[in-house]
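This report looks at one strand and its neighbours, then at two backbone outliers. The sequence and structure come next.

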Amino acid sequence: MSASQYRSQLERKRKQRVDAEKKAGEFRAKESKKRAEGAKARTASAKAKSHTTANSKAREADRCEKAAESAGKEATRWQTRASGYAKEEVAIQSKLARAERRESDAAERAQRRAQQQAEIRTRAERTAIEARLVGTEQAVSRVLRRMPDAKPEKLRVLMLGASAAGDLRVGREQKRIRAAVESALHRDHIEIDPRPAATTEDLLDGISRFQPHIIHFSGHSNDELIVFEDEKDEPHQGVIVTARAFSRAVQASDTPPLLVVLNSCNSASQIDALVAEVVPFAIGMAESIGDGDAISYAARFYANIANGQSIQSAHFAGQAALELAGLDSADLPTLAWAPDVDPAQVILVEAAE
């Protein structure tokens with residue numbers, strides 16, 4: 001629920017508590033009044049000289065005491081209800097505080113994301129201007145890079161997963177992606193090479209032998225490094241690879257990939273260098289992202305790729321899947337591209353004629 005919904009709920013609960021406390025006070029006042037009237041009638045009964053008067057006052061005292069007892073029970077019932085409302089208020093206030101923190105964090109992330117996008121656009125515009133000044137032909141017009149048309153061959157995806165400490169569900173992610181692709185429109189036009197305990201040798205071997213169009217990495221990373229696994233059976237610290245070393249490994253091919261997906265925390269800072277030097281397109285995560293959120297984004301992204309959607313549309317669909325699930329991480333997946341390509345125009349999978 002949103003913070004505004006919790007505020008409305010809290011206001012209703014406060015009104016219920018105040019009304020209950022008011023009712024309890026009214027019944028307490030009635031109880032006191034009836035007890036006083038009963039005591040007065042009891043005294044009058046004791047002093048009465050007439051037997052008839054004494055009996056009448058005694059009955060009046062009994063009625064007043066019964067009314068007082070009934071009012072006391074009602075007062076207790078309303079006070080108990082007011083206490084319950086007060087406890088619910090406290091619980092709602094706690095939920096409201098968490099919701100406000102979430103919304104504040106989401107707003108800050110959205111602001112940072114907007115700033116990052118603005119910086120990317122600024123860099124792209126600067127690069128475009130510099131490119132136009134390089135030569136006369138480029139000064140006349142800047143033409144989008146001719147991307148290879150979708151070929152009869154399958155789209156090859158090298159899927160690298162690394163969790164040396166065993167704290168990430170990379171196998172689950174690869175299973176979800178495979179299931180999403182297998183249920184897609186052009187499922188027969190995608191080939192996946194899954195490597196769930198990926199080492200640096202898997203990276204190099206996969207690039208040279210499999211010649212992937214997409215390199216997908218899921219695991220741990222930060223602004224400057226990626227963590228692969230070592231050839232060990234037990235949990236371990238992993239092998240730290242710098243972003244520069246990873247970039248050079250991806251470049252080490254006569255047929256470099258078109259897209260690199262770093263489905264790992266804080267990897268968005270690496271993708272600008274990738275699209276500037278290595279690949280036309282790259283995807284990374286702006287901040288830390290939950291394991292389940294990363295898996296959901298990836299599954300929807302590849303499902304849309306396999307349905308013949310553009311890279312941009314597949315990226316938007318992955319973000320939408322997170323937002324529709326009510327998650328706060330929808331703005332974390334970040335798509336970057338070289339200034340001479342258009343992600344809205346590049347479709348990686350098409351049905352054969």
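Ala-282 of β7 stands opposite Ala-336 in β8 in this predicted model. The two strands, β7 and β8 (residues 333-337), pair in the antiparallel sense over five bridges.

β7 also pairs with β6 (residues 259-264). Here the sense is parallel, over three bridges. Val-261 has Ile-283 of β7 as its bridge partner. Between β6 and β7 the chain runs through helix α7 (residues 268-277), and this β-α-β crossover is right-handed.

How many residues of β7 are buried? Five of its five residues, 281-285, are buried, and the strand is mostly covered. Phe-281, Ile-283 and Met-285 point one way from β7. Ala-282 and Gly-284 point the other way. In a regular strand the side chains alternate between the two faces of the sheet.

Now the backbone outliers. Most residues other than glycine have a negative phi. Gln-211 has a positive phi although it is not a glycine, and Asn-266 likewise has a positive phi in a residue other than glycine.

| Residue | Phi | Loop | Relative accessible area |
|---|---|---|---|
| Gln-211 | about 50 degrees | between α5 (200-210) and β3 (214-221) | 35% |
| Asn-266 | near 55 degrees | between β6 and α7 | 23% |

Gln-211 is partly exposed. Asn-266 is partly exposed as well. Asn-266 lies in the loop between β6 and α7, on the path that the crossover takes from β6 through α7 to β7.

Definitions and conventions. Residues numbered from 1 in each chain as written. Predicted model: local features only at pLDDT ≥ 70, side-chain atom pairs only at ≥ 80, totals over all residues. Heavy atoms only, no water. Buried < 20%, exposed > 50% of the residue type's maximum accessible area, 1.4 Å probe, protein only. Helix = DSSP H or I, 4+ residues; strand = E, 2+ residues; numbered from the N terminus. Pairing = 2+ DSSP bridges. Right-handed = clockwise from strand over helix to strand, strands pointing away.
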